[in-house]
Amino acid sequence: MIVFPEKGLFPKIDGSNTWALPLAENVPDPTTKTVNPCDQYIQYENSPILRNYSCLAKEHEFYVVAELIAAKECEVSNMCDEHNADYCRESEEDCPENGKFNFNTLVAFNSNGTLVARYYKRHLYFTEKGISTPKVPKNVYFETEFGIFTGDLCSDLFFKDVAEGADRPFVTSLSFPTWWYDHTPLIYFSNPYQQSWSMTNKINILAANVHYPREGSLGSGIYSAVEGALVYTHNPDGRSKLLISNVPISATQIPKDISFDTKFYYIDDGKATKLQGEEPRDFRSECGFNVLGNASSSLIDYRCHQFSVNQYTFIKLNETKGNISICSNKFCCRLNYEAQSMDEMFYFGVSGNRLNFYDEYLLGTQTCFLARCEPLNGEPCRNFLLKSDTLFYTVDIEGSFDTKYIYPYAVDNEIRLTHKDEWNFDGKSQIKYLNLKKKHLLFIGLNGRLYNRDKKLESNN
């Protein structure tokens, strides 16, 4: 299977919010008819994107998962049902002005080029202008010779229905095209988030992200629910990459004799060059828009986005070891740590309050983390840094969570995922870190999601 990024195969971005709409195509429902655009050339002559996806899968004999905009003519009828509810309306006044619904759509083709899954994105990012959401949201599943997959798109991964959709005993893996923006705190950077989601929801993930550093889009990876990251990339170098790994069919049981056989290739001018060793890093110390300003025209001038941290209570670490407890909105966390030195600024942050997601949603969270950061504009721990020279020997964080959806994170200097041998999450309330490799820790914590406390803000309904 190959997974392509959200918008990753489209023509060059022109900067507007609606640039992809003219490329929309009609995507049939594969549950009601057989769809093979590569074989059915005449029928899909005016659907070049679908046809190319289908032929790519057929010619190379692998599954293809990708994304496009699906356009549906508004159907006016008093016979709307679950099969046509997304684009059927009882009155013409309820149709879009141009008479069409546009859906951000995941498609999956099998190795014969047949369309086996179509999924409409449910939770739009605030920049997705002109895109509709399905009236009857549905999880999608498709069977392969190597397990049953579900599929989702980008910001869907923040929400309850996606976690519940993956929580099926028959589902082994998630195919995940995304255009993810890195956000501080580092909880919301792409690779830590992808890995933690895989481990907490006990599902393998194949995550393909757009590489556009100037907007904070970097990280892709293949993740095992048990082993964590098998292979991943997170470096603002402006280069295209191909990540390859064997993935266990079972998300929770790894055969002792398995060989993941991971490979990492750079793709430059149509030529593949294999990476030897660990991916280098080309980060400056800071990445925030509110610190550095807008990115230059250079693709590799990396910027990250910044959520407000006003809901957090912070305590600065002043000693080389200590035991700290903080409560926020009846949620309490404890930190026990020992470090070689404390010459850089580290803070312990705790929040039991909801996160404001671009004035679109309030997301229920209970979060505690240890982070390398500095004050900004009178606020403690506002500028999260990407580099650290501090050596922690041990870190132990425990929280009084009210949810089973707790996402663990551990990140080393320059956004390297801390090796899984060095930290352990008990699945309930506690993460423990023991520095075995003498690496410099940047960020570690637990992010609990209380999905039942999420709220769509009324002003944006």
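Modeller: A pair of cysteine sulfur atoms within 2.5 Å is taken as a disulfide. The model discussed here is predicted.

Biologist: What makes Cys287 and Cys304 a disulfide?

Modeller: Their sulfur atoms are 2.0 Å apart. The cut-off is 2.5 Å, so Cys287 and Cys304 count as a disulfide.

Biologist: Why is the disulfide of Cys287 and Cys304 called right-handed?

Modeller: The torsion about its S-S bond is about 75°, and the disulfide is therefore right-handed.

Biologist: Which parts of the chain does the pair tie together?

Modeller: Cys287 is in the loop between strand 16 (271-274) and helix 4 (289-292), while Cys304 is in the loop between helix 4 and strand 17 (305-306). The two parts are 17 residues apart in sequence. Both Cys287 and Cys304 are buried.

Biologist: How do you know that Cys154 is in no disulfide?

Modeller: The nearest cysteine sulfur to that of Cys154 belongs to Cys304, and it is 16 Å away. A disulfide needs the sulfur atoms within 2.5 Å, so Cys154 is left without a partner.

Biologist: Is Cys154 buried or exposed, and why?

Modeller: Its relative accessible area is 5%. Buried means under 20%, so Cys154 is buried.

Biologist: Where else does Cys154 appear?

Modeller: Cys154 is one of the residues lining the largest cavity, along with Tyr125, Ser155, Phe158, Trp179, Trp180, Tyr181 and His183. That lining divides into 6 nonpolar, 2 polar and no charged residues. The volume of the largest cavity is about 60 Å³, and the count of cavities of 30 Å³ or more comes to 1.

Biologist: How many disulfides are there?

Modeller: The count comes to 7 disulfides. Another of them joins Cys80 to Cys88, with 1.9 Å from S to S.

Biologist: Why is the disulfide of Cys80 and Cys88 called left-handed?

Modeller: The torsion about the S-S bond is about -75°, so this disulfide is left-handed.

Biologist: What makes Cys80 partly exposed?

Modeller: Cys80 has a relative accessible area of 30%. Partly exposed lies between the limits of 20% and 50%, so Cys80 is in that class. Cys88, at 2% relative accessibility, falls under 20% and therefore counts as buried.

Biologist: What about Cys38 and Cys55?

Modeller: A disulfide joins them, with 2.2 Å from S to S. That is within 2.5 Å, so Cys38 and Cys55 meet the rule. The link is right-handed, with 105° about the S-S bond. Cys38 lies in the loop between strand 1 and helix 1 (48-60), and Cys55 lies in helix 1, 17 residues apart. Cys38 and Cys55 are both buried.

Biologist: Which residues lie nearest the centre of the largest pocket?

Modeller: Ile2, Val3, Ala208, Lys241 and Leu242 do, out of 47 lining residues. Two or more residues of the lining come from each of strand 1 (2-3), strand 11 (204-209), strand 12 (220-224) and strand 14 (240-244). The largest pocket has a volume of about 1300 Å³. By class its lining has 30 nonpolar, 12 polar and 5 charged residues.

Biologist: How many residues of each class line the second largest pocket?

Modeller: Its lining has 7 nonpolar, 6 polar and 13 charged residues. The second largest pocket holds about 670 Å³ of space. Among its 26 lining residues, Ala229, Leu230, Tyr232, Glu278 and His419 are the closest to its centre. Strand 13 gives the most to this lining, with 5 residues.

Conventions
Residues are numbered from 1 along each chain as its sequence is written. This is a predicted model: local features need pLDDT of at least 70, side-chain atom pairs count only at pLDDT 80 or more; totals for chains, interfaces and linings use all residues. Side-chain values use heavy atoms; hydrogens and water are left out. On a 1 Å grid over the protein atoms alone, a cavity is a set of points where a 1.4 Å probe fits but cannot get out, and a pocket is an open set with protein on both sides within 12 Å along at least five of seven lines; lining residues have an atom within 4 Å of a point. Grid points are joined across faces, edges and corners, and a volume is the space filled by probe spheres set on the points. Ala, Val, Leu, Ile, Met, Phe, Trp, Tyr, Cys and Pro count as nonpolar, Asp, Glu, Lys and Arg as charged, and the others, Gly among them, as polar. Helices (H or I, at least four residues) and strands (E, at least two) are DSSP runs, numbered from the N terminus. Buried means under 20% relative accessible area, exposed over 50%, partly exposed in between (1.4 Å probe, protein chains only).
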